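Student: I should like to learn how to read a protein model feature by feature. May we begin with a single side chain and then widen the view?

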Amino acid sequence: MPPVSRPITVRPALAAALLLALAMPQAAEAARRSKDEAAADLSQVAAERLLEQGVAALRAGDAPQAIHSLAELASRQPRNGTAQALLGLSYQLSAQRDPQALDLALAGYDIAMRSEPGQYWPVAMAGRGSFDQGKYDEALAFFSRAALLRPQDGATLSAVAAAAYMTGDAALASLAAGR
């Protein structure tokens, strides 16, 4: 007697998982292709829109996307201190995943400070980056410069006090903390 063929019964959840597994490579490829196309089209995006995209990505906590938009803007406008400072901030936020990113952040802040010397944030964030790297003398110099730009700012004076303390300058640390 010939063997009887039985219909294969597949549970709905298993069927869905199988379909998903078969569809995933195509979905992943489509997402990659879309991302590659977006990267290729970035050169066609207006500078104002790149700034908006970069700031939106920073607000959303998406440092890689912010770097993507702001790097394009900074390459187009290398003397734009705001673009350089925001790109530096993007790198600083990604420094937990990539230790070299902090060096890139400091380079961005340096360019921003040279382009627009009166900006507070690049100086203050360079101080933070230097402090995070354990370069307390550099941090103290940056925080002191930031304090000159905003002499009444309590957070800046606290940063001066912390950096002075870490360099062993107890007198300056005490003076800054007392203000």
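Tutor: Let us begin with Arg114, which is exposed, since its relative accessible area is 63% and the cut-off for exposed is over 50%. Please bear in mind that this is a predicted model.

Student: With which residue does Arg114 form a salt bridge?

Tutor: The partner is Asp110, and the N to O distance is 2.9 Å. Asp110 counts as partly exposed, at 31% relative accessibility. Both residues belong to helix 5, where they are four residues apart, about one turn of the helix.

Student: Why do residues four places apart in an α-helix point the same way?

Tutor: The general idea is that an α-helix has 3.6 residues a turn, so residues three or four places apart point the same way. Two further pairs here show this spacing. In helix 3, Glu72 and Arg76 are four residues apart, about one turn of the helix. They form a salt bridge whose closest N and O atoms are 3.0 Å apart, and Arg76 is partly exposed, with a relative accessible area of 32%. In helix 6, Arg128 and Asp132 are separated by about one helical turn because they are four residues apart. Their salt bridge has its closest N and O atoms 3.1 Å apart. Arg128 counts as partly exposed at 45% relative accessibility, and Asp132 likewise at 43%.

Student: How many salt bridges does the count come to?

Tutor: The count comes to four salt bridges.

Student: Let us widen the view. How many helices and strands are there in the protein?

Tutor: The protein has nine helices and zero strands. Of its 179 residues, 32% count as buried. Contacts may also be read by sequence separation: among those with a separation of 6 or more, 48% join residues 24 or more positions apart. The accessible surface comes to about 11500 Å², and carbon and sulfur atoms hold 59% of that surface.

Student: How should I judge whether a helix is enclosed or open, taking helix 4 as the case?

Tutor: One counts its buried residues, that is, those under 20% relative accessible area. In helix 4, 10 of the 13 residues are buried, so this helix is largely enclosed by the rest of the structure. Among the buried residues are Leu86, Leu87 and Tyr91, together with the polar Gln84, Ser90 and Gln92.

Student: What covers the buried residues of helix 4?

Tutor: The cover includes helix 2, helix 3, helix 5 and helix 6. For one position, consider Leu86: its C-alpha atom is 9.4 Å from that of Trp121, although the two residues are 35 residues apart along the chain. Trp121 lies in helix 6 and is exposed, with a relative accessible area of 51%.

Student: What span should helix 4 have, and how far apart are its end C-alpha atoms?

Tutor: At 1.5 Å a residue, the 13 residues of helix 4, from 81 to 93, should span 18 Å; the end C-alpha atoms are 18 Å apart, which agrees. At the start of this helix, a side-chain oxygen of Asn80 comes to within 3.0 Å of the backbone nitrogen of Thr82.

Student: Is Tyr165 buried or exposed?

Tutor: Tyr165 is exposed, with a relative accessible area of 61%. This residue is placed in helix 8. Its C-alpha atom is 9.5 Å from that of Leu140, and 25 residues separate the two in sequence.

Key. Residues numbered from 1 in each chain as written. Predicted model: local features only at pLDDT ≥ 70, side-chain atom pairs only at ≥ 80, totals over all residues. Heavy atoms only, no water. Helix = DSSP H or I, 4+ residues; strand = E, 2+ residues; numbered from the N terminus. Buried < 20%, exposed > 50% of the residue type's maximum accessible area, 1.4 Å probe, protein only. Contact = heavy atoms within 4.5 Å. Areas by Shrake-Rupley, 256 points an atom, 1.4 Å probe, with all protein chains shown as cover. Expected span 1.5 Å × (residues − 1). Polar contact = N/O pair within 3.5 Å; in protein donor to acceptor, adjacent residues only side chain to side chain. Salt bridge = Lys/Arg side-chain N within 4 Å of Asp/Glu carboxyl O.
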